[in-house]
Amino acid sequence: MARVTGFPFEPWLLDRLAGAGRVALMTHVGPDADGLGSQLAFCQGARAAGIDAFIVNEDPLPPRYAWLDPDGLVGHFERDQGRLSEATLGLVFDAHEVERVQRPATWLRQHGTDVWVIDHHAVRPGSDVTGCVATGFSSSGELTYRLLRALGWPVDVGAARCLYAAISFDTGSFRFLRNDPNTLRVAAELIETGLDTNPIQEALWASRSRGELTLLGRVLAKVQYAAQGRVAWAALEPDITDGLDVAHDAVGESIPFLVGTEGVLVAVLLKPGRAPGEWKLSMRSKTAVRIGHIAQELGGGGHAHAAGATLHGDLDTWTRDIVARVVAAVETQSRGQDTQA
Ligand SMILES: [Mn+2]
């Protein structure tokens, strides 16, 4: 039966985690520093508390995040599927839909093992989700820190490194804080473990490859504007990465530049998915406009000001559709502000 707690955590969640003998930890496909950092810190804390935790994601650890996992804890389905049969509980970090976790979660469910979640993304009403969903948190990393503290499990400097990376990643290096002082309080407590934050900062925010810099130039050359410059958008064909040695998802790194432009309220990026005819929509917005509902209407998800979806079909058709939806959101919500003023 679906059951969800926010924060503070309800006892049934803590009891189940504390009593789990063997826990399989997972995160979403295209793993990022928030999902990986959260599951790695939880894995270390659980092991120190005598619980056999292990990580089996759909995807292998991306090479650019190798520094997050010096002990090689991050496993993946192709290699480590066999470990899943040992699990008495599955725990998904930074996502709550089985489709985003893919085979490890599907496998556990098919074999009768509960799959619970630790997430900060909004869940659609009526969804079959059990675990902790706390949308007030900046990141799964901040939420996982609170969870480890509530469980009484240790957060040593190694786990602190993973959690600090998770929070830094999801807050865009502590820029998107939603005026919540607790995010900085958690970061301060992590630093108090003796953590050196400089290597994390450089690994996350100052390690772009030359190929990625070239790619950024190509993407920026494709940017167009709508709604009198309040919307910046780019629709990218698969050839955008031709001849460049860059990760598949590197295209998305350009979106902060779009939304970081004067006068732009919403940035929209349509980029190639993994399969032909599949497109990934990413949207970011400034405070004045919420775009989360657009992603939800398209079967995607995320947050009010950072959201996305997976689309199938013709890129030009989708681009026209989505730019129109975003322009409408900008005009409706700006108008609402004018009348309030
Ligand atoms: Mn996250």
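Guide: A crossing is left-handed if the near helix is turned anticlockwise from the far one by less than a right angle, and right-handed if clockwise. This is a predicted model, where local features need pLDDT of at least 70, side-chain atom pairs count only at pLDDT 80 or more, and totals for chains, interfaces and linings use all residues. Residues are numbered from 1 along each chain as its sequence is written.

Visitor: Fine, so which hand does the crossing of H2 and H7 have?

Guide: Helices here are DSSP runs (H or I, at least four residues; strands are E, at least two), numbered from the N terminus. H2 covers residues 33-48 and H7 covers 157-170, with 8 Å between their axes. Their crossing is left-handed.

Visitor: And how are H2 and H7 oriented to each other, roughly parallel or roughly antiparallel?

Guide: The angle is about 160°, taken from 0 to 180 degrees between N-to-C directions, with axes as lines fitted to C-alpha atoms, for helices over the stretch in contact. Under 35 degrees counts as roughly parallel, over 145 as roughly antiparallel, 65 to 115 as roughly perpendicular and the rest as oblique. H2 and H7 are therefore roughly antiparallel.

Visitor: What does the contact of H2 with H7 divide into by class?

Guide: On the H2 side, the residues include Ala33, Gly37, Leu40 and Gln44, while H7 brings Cys162, Ala166 and Phe169, among others. Contact needs C-beta atoms, placed from the backbone, within 7 Å. For the classes, Ala, Val, Leu, Ile, Met, Phe, Trp, Tyr, Cys and Pro are nonpolar, Asp, Glu, Lys and Arg charged, and the others, Gly among them, polar. The split is nine nonpolar, five polar and two charged.

Visitor: H6 packs on H7 too; how far apart are their axes?

Guide: H6 is the helix at residues 140-151, and its angle to H7 is about 145°. Ser140, Gly141, Glu142, Thr144 and Tyr145 of H6 meet Leu163, Ala166, Ile167 and Asp170 of H7. By class that contact has four nonpolar, three polar and two charged residues. The axes of H6 and H7 are separated by 7 Å.

Visitor: Back to Ala33: is it buried or exposed?

Guide: Ala33 sits in H2 and, leaving aside neighbours within four places in sequence, contacts Tyr65, Leu68, Ala165, Ala166, Phe169 and Leu204. A residue is buried with 20 or more other C-beta atoms within 10 Å of its own, exposed with 12 or fewer, and partly exposed in between, the C-beta atoms being placed from the backbone. Ala33 has 26 such neighbours, so it counts as buried.

Visitor: Ala24 next: how many other C-beta atoms lie within 10 Å of it?

Guide: Ala24 belongs to strand S2, residues 22-27. Not counting residues up to four places away in sequence, Ala24 touches Phe54, Val56, Leu84, Ala87, Gly90, Pro104 and Leu108. Its C-alpha is also 8.4 Å from that of Glu86, 62 residues apart along the chain. Ala24 is buried because its neighbour count is 29.

Visitor: Now something odd: which peptide bond is cis?

Guide: Most peptide bonds are trans. Here, though, there's one with omega near 0°, and its proline is in the loop between strand S1 (4-5) and helix H1 (11-19). The cis bond runs from Phe7 to Pro8.

Visitor: What is the phi of Ser173?

Guide: Most residues other than glycine have a negative phi. Ser173, in the loop between H7 and helix H8 (181-191), has a positive one without being a glycine. Ser173 counts as exposed, with 12 C-beta neighbours inside 10 Å. Its phi is about 65°.

Visitor: And which loop holds Gln228?

Guide: Gln228 also has a positive phi, near 50°. With 10 other C-beta atoms within 10 Å, Gln228 is exposed. Its loop is the one between strand S8 (224-226) and strand S9 (231-235).

Visitor: Last one: how many Å separate the centres of domain 1 and domain 2?

Guide: The bounds, from an automatic or database domain assignment, are 4-205 for domain 1 and 210-340 for domain 2. Six residues of domain 1 are in contact with six of domain 2, and the domain 1 side has two nonpolar, three polar and one charged residues. Taken over C-alpha atoms, the separation of the centres is 27 Å.

How values were computed
Contact = placed C-beta atoms within 7 Å.
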